[in-house]
Amino acid sequence: MSDVVFLGSDEGAAHCLEVLAAEHRVGLVVTPPERRRGRHAQATPTPVGAAAARLGLPVLATADVNAEADVVRLRDAAPRLLVVVAFG
């Protein structure tokens, strides 16, 4: 069981994740998958994905949070609270 599951993607959401993780146990971070960006089309995580990696938090990178497997993973995390900030 985790206290919080966090869903987000942009820089503002990444900052919120960092603040939240300093005070609460974040059991899972949900964010869109890496995208190819830049001249060399290098795969780059979302700002939230990068922040979660820095914090050592487990990440569910998904293009469809409503997919059955993702819903099961969220349910299995058994969070007391879902926090959604700029997700999508």
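Select Ala61 to begin: leaving aside neighbours within four places in sequence, this residue is in contact with Thr31, Pro32 and Pro33. The model on screen is a predicted one. Ala61 belongs to strand β5 and is partly exposed, with a relative accessible area of 47%. Add Glu34 to the selection. Its C-alpha atom is separated from that of Ala61 by 7.6 Å, although the two residues are 27 residues apart along the chain.

**The sheet**

Next, show the strands as a cartoon. What order do the four strands of the open sheet follow? The order is β5-β2-β1-β6, and the pairing is parallel. β5 and β6 (residues 81-85) stand at the edges with a single partner strand each, so one side of each has no neighbour in the sheet. Look along the sheet to see its twist: neighbouring strands are turned by 20° against each other on average, direction ignored.

Now select β1 (residues 4-8) and β2 (residues 26-31). These two strands run parallel and are joined by four bridges. Which residue of β2 is the bridge partner of Phe6? The partner is Val29. Another bridge to pick out pairs Val4 with Val26 of β2.

Keep β2 selected and colour its residues by accessibility. Five of the six residues of β2 are buried, so this strand is largely enclosed by the rest of the structure.

Move to the edge strand β6 and select Leu82, which is found there. Not counting residues up to four places away in sequence, Leu82 touches Val5 and Leu7. The C-alpha atoms of Leu82 and Val5 are separated by 4.9 Å, with their positions 77 residues apart along the chain.

**Helix α2**

Select residues 47-55, which form helix α2. Val48, Gly49, Ala51 and Ala52 are buried here. Why do these buried residues line one face of the helix? Seen down the axis of α2, they fall within an arc of 165°, so they line one face. Turn to the other side of α2, where Ala53 and Arg54 are exposed.

To see what the buried residues of α2 pack against, show β1, α1 (residues 11-23), β2 and β5 (residues 59-61). Then step just past the end of α2 to Gly56, which takes a positive phi of about 75°.

**Two helices side by side**

Show α1 together with α2. Their axes come within 8 Å and cross at roughly 25°. With angles under 35 degrees counted as roughly parallel, α1 and α2 are therefore roughly parallel to each other. The crossing in which α1 passes α2 is right-handed. To display the contact, select Glu11, Ala13, Ala14, Leu17, Glu18 and Ala21 on the α1 side. On the α2 side, select Pro47, Val48, Ala51, Ala52, Arg54 and Leu55.

**Helices on the sheet**

Bring back the sheet and return to the pair β1 and β2, which four bridges join. α2 packs on the sheet, touching β1, β2 and β5, and its direction makes about 155° with that of β2. Then select residues 68-77, helix α3. This helix also packs on the sheet, where it touches β1, β2 and β5. The direction of α3 makes about 160° with that of β2.

**Two alanines with positive phi**

For the last stops, select Ala78 and then Ala86. Ala78 sits in the loop between α3 and β6. What sign does the phi of Ala78 have, positive or negative? The angle is positive, about 50°, although Ala78 is not a glycine. At 31% relative accessibility, Ala78 counts as partly exposed.

Continue along the chain to the segment after β6, where Ala86 lies. Ala86 has a positive phi of about 50° and is not a glycine either. Its relative accessible area is 40%, and Ala86 is partly exposed.

Notes: Residues are numbered from 1 along each chain as its sequence is written. This is a predicted model: local features need pLDDT of at least 70, side-chain atom pairs count only at pLDDT 80 or more; totals for chains, interfaces and linings use all residues. Side-chain values use heavy atoms; hydrogens and water are left out. Buried means under 20% relative accessible area, exposed over 50%, partly exposed in between (1.4 Å probe, protein chains only). The arc is that of the directions from the helix axis to the C-beta atoms. Contact means heavy atoms within 4.5 Å. Two strands pair if DSSP finds at least two bridges between them. Axes are lines fitted to C-alpha atoms, for helices over the stretch in contact, and angles run from 0 to 180 degrees between N-to-C directions. Angles under 35 degrees count as roughly parallel, over 145 as roughly antiparallel, 65 to 115 as roughly perpendicular and the rest as oblique. A crossing is left-handed if the near helix is turned anticlockwise from the far one by less than a right angle, and right-handed if clockwise.
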